[in-house]
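Grab a pencil and keep the viewer open. Here are a few short exercises, each with a worked solution.

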Amino acid sequence: MAWLVRRILALWVRFTVLPDDAALRLQQRRNPVCYVLERRSVTDLAVLQNACVRLKLPRPRKRLVPGERDLRSCFYLSRPRGVWSLRIDRRPPPALAQMVDLLRKHPEIDIDLVPAAVYWGRAPQREASWFRLLLVESWALTSRIRKFFQVLFNGRDTLLEIDEAVSLRSLLGGEAPPNVQCRRVSRALQARYRRQRAARIGPDLSHRRTIVADVLRRRAVRAAVAQEARERKLTRRQGLTAARRLTDEIAANYSHAFVRFLEHVLTRVWNRVYDGVVFEHAATLEKVADGNEIVYVPCHRSHMDYLLLSYAIYRHGFAIPHIAAGINLDLPVIGRFLRKGGAFFIRRSFRGSSLYTVVFTSYMAAMMARGHSIEYFIEGGRSRTGRLLQPKTGMISMTVRSFLRRPARPVVFVPVYFGYERIVEGATYIGELSGQPKQKESIFGLLRTLPKLRERFGRVHVNLGEPIFLADVLDLHGTEWRTQSTEEGRLPWVNAAVDALAASVMRHINAAAAVTPINLLAVALLASPRHILAEADLLRQLDLHLSLLRDCPYSDRVTVTGLSSAEIVSYGESMKVVSRRRHPLGDLVQMSDEAAVLAAYYRNNVLHLVALPSLVACVFLANSVVRRQDIHRLARRIYPYIAAELFLRWTEEEVPAAIDTVLAALGRHGVIESAEGGAEWRRPGPTSAEAMQLSLLAQATLQTIERYYLTISLLLKAGSGEITQATLEERCHLMAQRMSLVYGFNSPEFFDRALFENFIDRLRERGVVRSAQSGKLEFGEVLAEVAEDAQLVLNEEIRHSILQVTHS
């Protein structure tokens with residue numbers, strides 16, 4: 001069989017022997033030569049045999065020394081545990097034990113070991129063919145099928161490296177039992193092969209082989225295994241097997257070759273699906289990449305997020321992060337590909353398995369200790385409304401505590417904003433917000449999505465936010481972590497630091513927003529009752545938004561489309577977001593009811609950018625003249641709740657100056673007029689174009705204020721100490737749903753239960769309401785004052801509509 005394989009390979013395989021003088025060096029050796037191959041492989045042995053024939057070197061299959069019939073001139077350092085198993089048996093090979101025994105019996109004999117390695121194909125980073133990239137050498141044990149295709153497609157570009165011969169006797173060391181000496185030799189040869197393979201194909205990045213072993217050796221995991229074994233009456237081996245099974249469930253299986261292959265594939269996919277992938281503020285990575293542990297914390301809009309950030313980072317020459325993905329994405333075939341791209345999987349809940357918690361935390365700590373960049377979605381799941389969700393602090397807490405236990409490298413959080421002009425899951429999101437159950441991820445669901453990729457999705461923006469250094473955040477809460485050895489949970493302020501860090505991340509994500517033409521069209525047209533405006537009015541409104549974004553910049557990392565207002569409308573028509581209706585008095589631009597529901601998603605992406613101007617505009621809906629101090633008072637009353645919902649960047653102390661900047665900008669555009677030296681502000685005449693602009697600007701946050709007023713009205717109607725928070729949330733949800741049906745609010749997010757829950761939580765945090773021991777909500781006069789202020793903002797018609805629904 002071996003003879004036949006060697007003959008067949010001689011006809012197909014073309015190999016290069018390195019170094020060039022390998023034959024000359026071996027021909028000068030006087031001791032018997034024994035070749036060592038790293039892994040058991042008939043094809044590798046055949047290539048070595050053919051090379052020895054060509055170079056006139058001792059053959060690998062010949063007898064090593066006279067009198068030892070079974071001892072041949074070649075052995076494998078490692079081999080599979082079974083015929084089809086991919087697990088490696090690393091015990092010293094029997095042939096090596098025979099040689100050690102021979103040298104112990106005959107002190108005058110020595111044997112020269114010659115490590116040889118066969119590499120099928122070029123190194124991953126040098127291979128240009130995307131198909132052959134899948135078959136290049138890696139650190140993983142190769143299956144028979146994969147080896148067959150390696151020989152078939154990479155056999156013409158094979159490298160045989162024959163290393164310097166080394167004396168077996170020199171590797172034995174001092175006096176020791178034979179089995180100890182065998183392990184010494186085996187370890188020395190394995191270290192030699194690791195250096196050799198790393199030089200040829202790059203370092204071993206496989207989590208399966210390196211990090212998994214590291215995790216299972218950690219003291220915390222061993223202790224958790226022992227506790228698990230006691231509680232469940234398991235043996236130690238069974239406990240370790242359970243820990244290994246959990247680690248295998250979690251761990252990534254990064255493959256550089258697969259990443260290179262995926263880059264080629266995604267380049268074609270993105271060019272087909274998107275009009276471009278725009279990566280902004282890439283210089284941020286150049287500043288923080290050196291010497292820091294990078295944690296990418298993006299917002300979560302779509303399943304495309306997983307691929308887009310890694311693709312953009314890799315294309316700019318940086319190492320891709322290892323991504324925390326939900327266990328629901330560990331699908332057949334797809335899950336394996338995601339692992340090769342650096343994804344590791346996390347369960348939705350850690351409850352019920354203390355061993356899983358320890359294993360996952362140890363896995364995170366191992367990755368950080370090795371310097372792998374990490375990526376996880378701080379919101380926990382995809383946003384269905386386009387707003388940022390309230391942060392889930394579990395992953396951040398693990399990161400912070402891992403750093404405090406072993407602060408080897410500074411940790412830097414890099415917020416990331418995704419801006420889509422159209423998302424693949426749009427129709428699904430609308431259904432879920434309308435009450436349909438969430439669709440479970442599956443292979444068939446993925447296949448149903450593929451036809452959608454033929455449609456046009458515009459541009460996608462990947463913006464990096466201002467980095468957040470973990471050490472700076474920790475120093476704000478306490479500096480003792482720098483000098484004291486800390487155990488998990490020992491510092492009393494860690495939870496507060498985690499919450500502050502999470503909130504800061506969310507604000508930094510919003511501060512890196514990308515304003516696209518679709519965002520601006522959504523903000524402008526959704527402000528009109530039927531989502532239709534005369535073209536001249538729409539162009540004026542778009543000009544106002546563009547000017548406000550320039551005059552009142554939210555952040556220096558916000559990117560705004562360079563198109564003019566007319567070009568924005570044309571672009572919206574080309575994307576089929578808006579349509580034009582011809583009319584003798586001037587064209588009308590409209591958005592269909594179906595498109596308007598999804599447009600709310602894109603409006604919400606940038607709602608925080610127009611929130612402050614919109615809040616100021618709301619003040620003038622029910623008031624023609626407002627004193628500056630009243631505007632500040634109303635803003636001070638409402639801003640904390642808006643800021644918590646939209647993660648606005650200003651502190652409460654900074655709001656007055658920001659309000660004055662907005663008033664001045666609106667005044668320059670003639671939307672409001674200054675009086676009494678700026679002590680008062682007036683809205684323009686009701687029939688003017690500027691009055692219409694002011695009214696349209698106010699609509700962006702008007703529904704938010706209506707939702708607040710609805711909640712307060714229901715709470716006041718119920719009375720203090722008469723209703724629980726859960727009951728209030730349910731009533732708010734149902735009443736808002738009823739209002740949307742009665743008054744035609746075509747926006748499912750208006751009755752999103754989570755928004756009511758967050759608002760009530762903020763009322764409790766600020767002491768406006770409180771929970772009694774019975775769980776009922778109690779309140780005082782402050783709540784009535786908040787309601788009175790809301791009445792100043794909402795006009796009489798809106799207030800009447802809300803009160804009518806709440807009393808019905």
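**Exercise 1.** Find which residues gather in a patch of positive charge on the surface of this predicted model, then work out where R69 is found and whether R69 is buried or exposed.

*Solution.*
- Start with the charges: R61, R63, R69 and R72 make up the positive patch.
- Next, place R69 along the chain: it sits in the loop between α3 (42-55) and β3 (74-80).
- Now check its exposure. The relative accessible area of R69 is 64%, and exposed means over 50%, so R69 counts as exposed.

**Exercise 2.** Track down the residues that form a nonpolar patch on the surface and say which helix gives the largest share.

*Solution.*
- The members are W12, I145, F148, F149, L152 and F153.
- Together they have about 590 Å² of accessible area.
- Helix α6 (residues 144-154) brings the largest share of the nonpolar patch, 5 residues.
- Take I145 as a test case: this residue lies in helix α6. Its relative accessibility is 60%, which is over the 50% cut-off, so I145 counts as exposed.

**Exercise 3.** Zoom out and describe the chain: how many helices and strands are there, and what share of the residues count as buried?

*Solution.*
- Counting elements gives 33 helices and 25 strands.
- The chain has 808 residues, and 54% of them count as buried.
- As for the outside, the chain exposes about 37300 Å², with carbon and sulfur atoms supplying 52% of that area.
- Finally, look at contacts between residues at least 6 apart in sequence: 76% of these join residues at least 24 apart.

Terms used
Residues are numbered from 1 along each chain as its sequence is written. This is a predicted model: local features need pLDDT of at least 70, side-chain atom pairs count only at pLDDT 80 or more; totals for chains, interfaces and linings use all residues. Side-chain values use heavy atoms; hydrogens and water are left out. Patches are made of residues with over 30% relative accessible area and no salt bridge: like charges are joined within 9 Å, nonpolar side chains (Val, Leu, Ile, Met, Phe, Trp, Tyr) within 5 Å. Accessible areas come from the Shrake-Rupley method with a 1.4 Å probe; for residues, only the protein chains shown count as cover. A salt bridge is a side-chain nitrogen of Lys or Arg within 4 Å of a carboxyl oxygen of Asp or Glu. Lys and Arg count as positive and Asp and Glu as negative; His and the chain ends are not counted. The place of a charge is taken as NZ of Lys, CZ of Arg, CG of Asp or CD of Glu. Helices (H or I, at least four residues) and strands (E, at least two) are DSSP runs, numbered from the N terminus. Buried means under 20% relative accessible area, exposed over 50%, partly exposed in between (1.4 Å probe, protein chains only). Contact means heavy atoms within 4.5 Å.
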